[in-house]
Amino acid sequence: MDATANLEGAFPRDLQEIATTRPIYKGSSPYKKKKQPDKQYSESVVFLDFSSIFSTFGYTNPALRHVWFVKDICGIVCAVFTWLLILYAEYVVMFVMLIHESSNIYSFIHGLIFNSLAFLAISSHLRAMFTDPGAVPKGNATKEGIESLGLKKGEVVYKCPKCISIKPDRAHHCSVCQRCIRKMDHHCPWVNNCVGENNQKYFVLFTMYICLISVHALYMAVTHFIFCVGKDWKACSGMSPPATTIFLIFLIFEGMLFGIFTGIMFGTQMSAVCTDETGIEQLKKEERERRSRWLSIKGVFGHPFSIHWFSPFSTPRFLTSEKIYYSV
Ligand SMILES: [Zn+2]
Ligand SMILES: [Zn+2]
């Protein structure tokens, strides 16, 4: 189907040329569907603006004043499951292993490392989940909206036929969020959100901290298992040997599974950041000009390099500008 054919009647003839949709668009006209209530137009995201509350306390960082939440039941279940897995590891590490270790220094150091990593992993998860990944305003591809761009003759804008938005370069439509997301990498059910321009840093940190916590838990579980066998299962745990064994085996299995999974995910994400290419662009083999590796990394984690790169609480400075937030 000719993409411009879908715009018949929606725009005057002179604007139809520039308000072209992606050529791959197929199906009946979204404008016809708009007349009758359709599922694809229902709002799938909750966007809360706490600006007025925050400004009364003099807080000026706009990045933390908005809450974005995707109403996807599969994603919510996966996100809660992630927290439960971390809680399980926390319980086994603290109450099955460390509390019964013979050395207090060993227990204190490993307890501190594990809890710090768990805290950073959960914080990164929450920020990746509740941060607007870079949503494009919905329904702004109107005649006025396109005219306001002040396009010169021959310039083309892409328009998303699903959310009727002007599609910026590198933006892609997410069918779960039902929005176009700038620099969309993929929609991750584990964080119940898209990974895009604004929250990629938190997602990368989440995969990194989960990988580290998994490797650490794996090390402690194997060490404790050997310790228990050496002590003939006496005074190495407050539970019976079979119960301790089951708890440790589940933790070793969890650590191996998620250590490998998040390790691969972290590697893939870092490679995407270094090559300045999102997962979707890699799949589609889209050709475009790339930024240098260092510039691309700074584009995700912030400028200049500092300890803040590893903190899920620090928002890259370029994201604290009001300009990047849109009214929904
Ligand atoms: Zn869209
Ligand atoms: Zn999405």
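The following exchange examines the terms applied to a predicted model.

Residues are numbered from 1 along each chain as its sequence is written, and chains are lettered from A and ligands numbered from 1 in the order in which they are written. In this predicted model, local features need pLDDT of at least 70 and side-chain atom pairs count only at pLDDT 80 or more, while totals for chains, interfaces and linings use all residues.

User: Why are α7 and α8 called roughly antiparallel?
Analyst: The axes of α7 (residues 200-230) and α8 (residues 241-274) cross at roughly 150 degrees and come within 7 Å. Angles run from 0 to 180 degrees between N-to-C directions, with axes fitted to C-alpha atoms over the stretch in contact. Angles over 145 degrees count as roughly antiparallel (under 35 roughly parallel, 65 to 115 roughly perpendicular, the rest oblique). The two helices are therefore roughly antiparallel to each other.

User: What residue classes make up the contact of α7 with α8?
Analyst: The contact has 20 nonpolar, nine polar and no charged residues. Here Ala, Val, Leu, Ile, Met, Phe, Trp, Tyr, Cys and Pro count as nonpolar, Asp, Glu, Lys and Arg as charged, and the others, Gly among them, as polar.

User: Which secondary structure fills residues 202-226?
Analyst: The span is 100% helix and 0% strand, and its end C-alpha atoms lie 36 Å apart. Helices are DSSP runs of H or I with at least four residues, and strands are runs of E with at least two, numbered from the N terminus. The unreviewed UniProt entry places a "transmembrane region" at 202-226, among other spans; such annotations may be inferred rather than shown by experiment.

User: Why is I164 called buried, and W233 partly exposed?
Analyst: A residue is buried if 20 or more other C-beta atoms, placed from the backbone, lie within 10 Å of its own, exposed if 12 or fewer, and partly exposed in between. I164 has 20 such atoms and is therefore buried, whereas W233 has 15 and is therefore partly exposed. I164 has a positive phi of about 50 degrees, and phi of W233 is near 65 degrees. Most residues other than glycine have a negative phi.

User: How do you know that β5 and β6 pair?
Analyst: Two strands pair if DSSP finds at least two bridges between them. Four bridges join β5 (residues 171-174) to β6, and the strands run antiparallel. A171 stands opposite R182 in β6.
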